[in-house]
Structure formats: C-alpha cells, structure tokens
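Visitor: I have a structure open on my screen and would like to learn how to read it. Could you walk me through it, one feature at a time?

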Amino acid sequence: MNRKKVISFLMIYIFLIGTCCYIPNISATAANGELIVNDFETGLSGWEARGIDAEALSLSTNQAHSGEYSLKISNRTQTWHGATSNITDKLTLGETYVLGIWIYYTGNTYSDTENFSLQLQYNDGVNDQYKNIKTEAVKRDSWTYLEGQYTIPSDAVNAYIYVESEFKSTPGTQDLMDFYIDDFTATPAILPDIEDDIASLKDVFSPYFSMGVASTASELAPAPSKELILKHYNMLTPGNELKPDSVLDYDATIAYLEENPDDQTNPQVNIRAAKSLLDFARDNNLSVRGHTLVWHNQTPDWFFRENYSTDSSTPWVSKEVMLKRMENYIKNLMELLEKTYPTVEFYSWDVVNEAVDPNTSTGMRNPGSNNTTSGNSLWMQTVGSDYIEKAFEYARKYTPKGCKLFYNDYNEYETTKSNYIYQILKDLKDKNLVDGMGMQSHWTMDYPSIDMFETAARKYASLGLELQLTELDISQPSNKDSDLQAQANRYKLLMNKVIDLKEEGINITAVVLWGITDRTSWLGGYPLLFDEDYKAKPAYYSIIEGMKTDSDTDTDKDTDIDVNPINTPTATVTTTNNGNSISQKYTVTANGGTIDLSKVVLTFTADGMSSVSQNVWCDNAAIQLNFAPWYDSIINYVTGSIDDQTLMLTITENTQLSENCKLVMDIRFAKTDWSTYETLSNPVLHVYYDGTLIE
C-alpha cells in the first residue's frame, strides 16, 4: 500500500477516540504536513470568512460535535459565504488525503435537509480551480459528516479548503442560514496498489497500434495513477491543460498590448497548467498528443474581441486580425513547448476539434459565442469556414517535424456528419495539410453499431489518412456484474473490429482511452477499463482475451494470455427439405468464454446427401448479442462447399464470439441442375476447433 507515515500522537488520538466520547483538544498541524485536526477548542485554527466584510465567524458553545466548541458561520448574504482555511503549507502537495468535516444547522422554520459542500480551491498556475470533495444533504438538528478524497497537485498554489451551501442565483432565507462546522480532518489516504501481474495493454497491442490515455493534472496526481499509466500506456493526452483557455494568458496578453499598443495580433501563452503532465511525459519517455489548438469550446471570448476586451459590448475583431492572432497563438505555443520541453515528442496535434454541426444547412457551427449560446463558434463569427484550412496551414508551418496533424470529432460515425467531415478531410488532404482523422469514440451501450463504426472508418481511410480512436470510453451507469459483462462484450466487439481493419491494411495507429479509472471519468458511472481502485474490469480482460504479448518471465517467447484456454464451441442444426433445395439453420455458442470463429469448422452429412455438383449459399449470418445493437452481421465471412456428400462451413475472418452470445447462420444448398433432393436421414454434425474435433 502507498501510505504516509503518521506520527505517534495520531495513534494516541485514535486510541482516545475508541475509549471515550470526548475528542481531545487537538487543533494543530502535524509535523511534515502529515495530518490536520481542527476541533476549534482553542481558537479558529486558521479558518476565516470567504467573503469580504460579509459573513461572521465565531467560536460557539451552542452546538459542538465534540468537546465544547464549534465554529459558527452567520451573517451570510451569498450561498458561497462560509468558512475557509489555507492548507497550502499544512499538507504535502502531490499527496492524497481524506478530507472530512462535520456540519450542523438548526431552526424550526427550515426544511429537514439542506445541501452543503466541502470544496477545495487552488491555483494551477493559470486559473483558480474549484474541486468538489463531497456534497451531502445535511439533516436539521443533526451533525452530518462530509468526507472525500483528493490529491492536491504538486504544483498547486494557494490551496484552500472551504464549506458552502448549495448555490442559488436568488437565495432565500434558508439558503443563507447560519450553520456550524466542527472537527475538520485531513488524513493521508491509504491508496490501492495497481495489479502488476496482469498483461500490459501497450505490450498486448504493440503489433497493431499504440495505446494511449488521457489525463488531467488532478487525475495524474495520485501515485497509483502514474503507475497504471506507465504499466499500460505509451502515449499521454492532457485532458484539458493544452486547450485554448488553459494556454492563452490574458494578463500577459494585456501587458504585451500595453507595451505594444499598435499590435493587436500577438496573444501571449503559457503552459503552466500542463506542467505536471508534461514533466511526467518527459521523465518517463511518453509521447504526447496535443489537444487541442482550435476549438469553438473552452476558448475565451476576449481572444476574439478588439483590445482583448472582457466587455461583452466590445466588437469582434476583423477576419484579418483574427487570422493573424490564430497564427501567432499557434506559433507562440509551439515555440514555448519546444523551448521548455525539447525532449518531449508530440506525436500528433488535434488541430481543429468538433467543427461540424450536421443540423445546420452548411454542416458548420452557427456563428456566435459558445459562452453565450452553447455550440456556436466564434471562429465562424470572425473568420468563416476557411478558418479550418488556415489552422492546418499554420499548424503545418510551426509544429515539430514529424508531428502528425489531425482533425478530431465526435459522432463521427453518423452518416450525415461523416459526409461533412469527409469533405473537410478531402480538401485538406488534397493540399497536404492533414495526416489523420481522430475518431473520438465516446460510445454508449447501444450506439453506434459496429457496422456504423466500420463504414465511417473505411470512408476516412479511403483518403489515405491515419486513423486514431482518440477519446474512447463506453458509458455504463450500472456496475452490476451482468452490466459490466455486457460492457466487456461491447469493448471486445469494437477492439476486434479495430484489429480486423488494421490487419486488412487500414492505417489505425493508436487507441486512446479517455481517462485512467472510473473514479475520475468525465462521464461518471463505469465507462473505462479500470475501476475506482485501479483494478482491471471485465472490459479489460475481454479485449486482451486471446491476444499475445511478451511474457514477463520469458522475453524470448510469446505467451497466449487467453483468459480461459479451454473455451470451445458447440453447434446445433435444423434441416428443412424444400424439394429442390435444402435449408438449414445453425446455432453456434461458446462454452467457457470467448472463442475465435475463424478457428471453427462445421461439417454436416446425412443419408441422402447427393454426390453431384452443388451450390451453397449463406442467406444470413450474425452474432446475436444480449445488448444493443443486438446483432453483428458476418454474412460476408461465411463460406461453404460440398464435397464427397459432406457440407463444410468456415468463417474466413478473425471474429470473436463471447459467452452468452450466439452465432446464427441460415444456409441453403441445391444441386446445380435444381433437381429434386431425396429425403435426408441420420444427420451427423461435427464441430472442429483449431483442428481438434469437439463434437
């Protein structure tokens, strides 16, 4: 386990809690930042009001969770008015802590519960970040405990813990009630170990493509997150820290403008928000995907206004000025990255992100501020649709040699949207401005279908582009065993299709998971390969099943890491004589786990089978799933022939059949002269798997 050593008085403290109802008078910071206990028995312990000349903080004996005193917050005029404490110098930055506090309110005119939050605020070098530790419905006249776990980034400054009630734009009397807090603690968390004895994803899939992961700075902070990334991935995507609102530096831009009042076209940048991620990539030789240069979202309006004004009444700049700003922004960012991180390989950049809106007449986003109307684009407002080509032109000019340039989008498999994307890519490809298509691949359990994905992938690949799955997750709100297995089956179908396409020759070069574990996924729920304790889920095992990788104990041999080596198929058949043809329905199931259908051979014979020349047709072949899209057609992969009065059926592609799913095939055969078939009797069906007779 990853543990911080807690000094000896903590053990005494725990012993006393267990032997009496009174918590002793400890209101201090432990040595080396290992523990904070604020019980307000001897003072405010560094807590203060959040508002200026607003709420009042006072020690109170009216209520107390332990001892005699608590901290009372009164005279509030905003819901965010509460109590706060600067913990920057009290905790060890980069370490993970369990943070907890007790909250109480009273008053017969108030409802039975009120939502309160324990929050963390810190500056990441660019902006103040606000992180929810725990939100809980506090019961009236009852002390309620709020507890959560968080890792304060190692480069954070001005870190504050604070308590507030639920936000209301027009707060009422209850929203501004007095309340009490007591017994705040910050205790080093006991973090789980990652599983070192399972196969590495980057090794498993190395014959096909690279494996990457997206992470924010806060996701990366816990030690197990770093260990999991190094175990399984060889590429890193900063989740937010290289987006425009993170790198565009307003203060520096205004300072530059004041020194150069005639230059409206040179926005300044910084990469402080990405420091911990880029340091980690540098120190561990991880390639980085830059995400993202030009986007309608997470881009500040001031970037597009005259004088970089934050006043909403200030006009937008001209097209000429905006294009020059775009060029200098890209130029300045690339130069700063090269200067600061000369050894970090940026293997690709998402140059333009999510430009297409299939619901408009042009296929492009409507002009306007996304910060005013969600989905609108200030690039369309100031430049027009040719901003896409100009962004790629500038990126080609300033990105490092060998860096691949990608267009990136979601719902990229929908027919209408993919047609618009295809045309954008074709125009860019004709001018040698784009290298690849980023298929974000945010999937649900019932959408898209495998066929939709394959069709879109083939469409983009037909332009001679690289393909990368750049933000893969499969949303799953339930963690029931059956639902996680269904998710595993869906991951398996997708990864099998990706490998099939790669083996066919389609240039898929990377698969990137959008998040490290379920705990920190942007989707919530359980969408990723590893759970909140960094443990591999059924989805992980489903995608490595049957794959090969180098064994940890014998680097000279490939080791089959099939989860269950005794998986075998069984089959049944029903036969109908139509007079001049025979119809059959085959059902194939997998026993013990997933099987490779390309290793399955079915043979059928019976008394009455003709020895003359015959034709064989497959009218239908599909894997029936227990989740949407409910079936996956493989009709083009089934072949059949009759020789020596025996029908033989094979499947030509490496297609996986999971346990609890089944393959159904409708087969028909007839004599070439269409003469009448005799009655078939004493049928015999044999099933072979990988050359071995199973039944």
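Guide: Happily! Let's begin with one span: residues 195-546 are 39% helix and 15% strand, and the end C-alpha atoms of this span lie 20 Å apart. Keep in mind that the model is predicted.

Visitor: Which UniProt annotation covers residues 195-546?

Guide: According to the UniProt record, an unreviewed entry, residues 195-546 carry the annotation "domain: GH10".

Visitor: Let's try a helix. How many residues does α13 have, and what does it reach from its first C-alpha to its last?

Guide: A helix can be checked by setting its span against the expected one. Helix α13 has 24 residues and reaches 34 Å from first C-alpha to last, close to the 34 Å expected at 1.5 Å a residue. Burial is a second thing to look at: 17 of the 24 residues of α13 are buried, so the helix is largely enclosed by the rest of the structure.

Visitor: What follows α13?

Guide: Glycine 505 does, and its phi is positive, near 120°.

Visitor: Now salt bridges. How many does the count come to?

Guide: The count comes to 26 salt bridges. For each pair, look at the N to O distance, then at where the partners lie, then at their burial. Glutamate 454 and lysine 497 make a good first case, with their closest N and O atoms 3.2 Å apart. Glutamate 454 belongs to helix α12 (residues 450-461) and lysine 497 to helix α13 (residues 481-504), so this salt bridge ties together parts that are 43 residues apart in sequence.

Visitor: Are glutamate 454 and lysine 497 buried or exposed?

Guide: Buried means under 20% relative accessible area. Glutamate 454, at 12%, is therefore buried, and lysine 497, at 8%, is buried as well.

Visitor: Which strands does the salt bridge between arginine 668 and aspartate 619 link?

Guide: First the contact itself: the side chains of arginine 668 and aspartate 619 meet at 3.0 Å, N to O. The pair links distant parts of the chain, with arginine 668 in strand β33 (residues 662-671) and aspartate 619 in strand β28 (residues 614-624), 49 residues apart. Arginine 668 is partly exposed at 24% relative accessibility, and aspartate 619 is partly exposed at 40%. Arginine 668 has another contact to look at: it lies over the face of tryptophan 617, at 4.7 Å from the ring centre.

Visitor: Where else does an arginine lie over the face of a ring?

Guide: Look at arginine 50, which lies over the face of tyrosine 162, at 3.6 Å from the ring centre.

Visitor: And what about salt bridges that involve several residues?

Guide: Then you follow the links from one side chain to the next. Lys275, Asp279, Arg282 and Asp283 are linked in such a network of salt bridges.

Visitor: On to sheets. What is the order of the strands in the open sheet of five strands?

Guide: To read a sheet, list its strands in order and ask how they pair. Here the order is β30-β31-β27-β34-β35, with antiparallel pairing. The edge strands, β30 (638-643) and β35 (692-693), each pair on one side only. Within the sheet, seven bridges join β27 (residues 600-607) to β34 (residues 681-689), which run antiparallel. To line the two up on your screen, find valine 600, which stands opposite tyrosine 689 in β34.

Visitor: Last topic: how many aromatic pairs does the count come to?

Guide: The count comes to 25 aromatic pairs. The angle between the ring planes tells you how to name each one. Tyrosine 105 and phenylalanine 116 have ring centres 6.4 Å apart and planes at 35°, so the pair is tilted. Tyrosine 105 sits in the loop between β7 (96-104) and β8 (113-123) and phenylalanine 116 in strand β8, so the pair ties together parts that are eleven residues apart in sequence. Both tyrosine 105 and phenylalanine 116 are buried.

Visitor: What kind of aromatic pair do tryptophan 302 and tyrosine 308 form?

Guide: An edge-to-face pair, with 6.0 Å from centre to centre and 70° between the planes. Tryptophan 302 is buried at 10% relative accessibility, and tyrosine 308 is buried at 1%. Ring pairs also link these two residues into a cluster with Tyr250, Phe303, Phe304, Tyr329, Trp379 and Tyr387.

Methods
Residues are numbered from 1 along each chain as its sequence is written. This is a predicted model: local features need pLDDT of at least 70, side-chain atom pairs count only at pLDDT 80 or more; totals for chains, interfaces and linings use all residues. Side-chain values use heavy atoms; hydrogens and water are left out. A salt bridge is a side-chain nitrogen of Lys or Arg within 4 Å of a carboxyl oxygen of Asp or Glu. Helices (H or I, at least four residues) and strands (E, at least two) are DSSP runs, numbered from the N terminus. Buried means under 20% relative accessible area, exposed over 50%, partly exposed in between (1.4 Å probe, protein chains only). Two strands pair if DSSP finds at least two bridges between them. Rings of Phe, Tyr and Trp (its six-membered ring) pair if their centres lie within 6.5 Å; planes under 30 degrees apart count as stacked, over 60 as edge-to-face and the rest as tilted. A charge sits over a ring if NZ of Lys or CZ of Arg is within 6 Å of the ring centre and within 35 degrees of the ring normal. The expected span of a helix is 1.5 Å times one less than its number of residues. UniProt positions are given in the numbering used here, feature names are shortened, and annotations may be inferred rather than shown by experiment.
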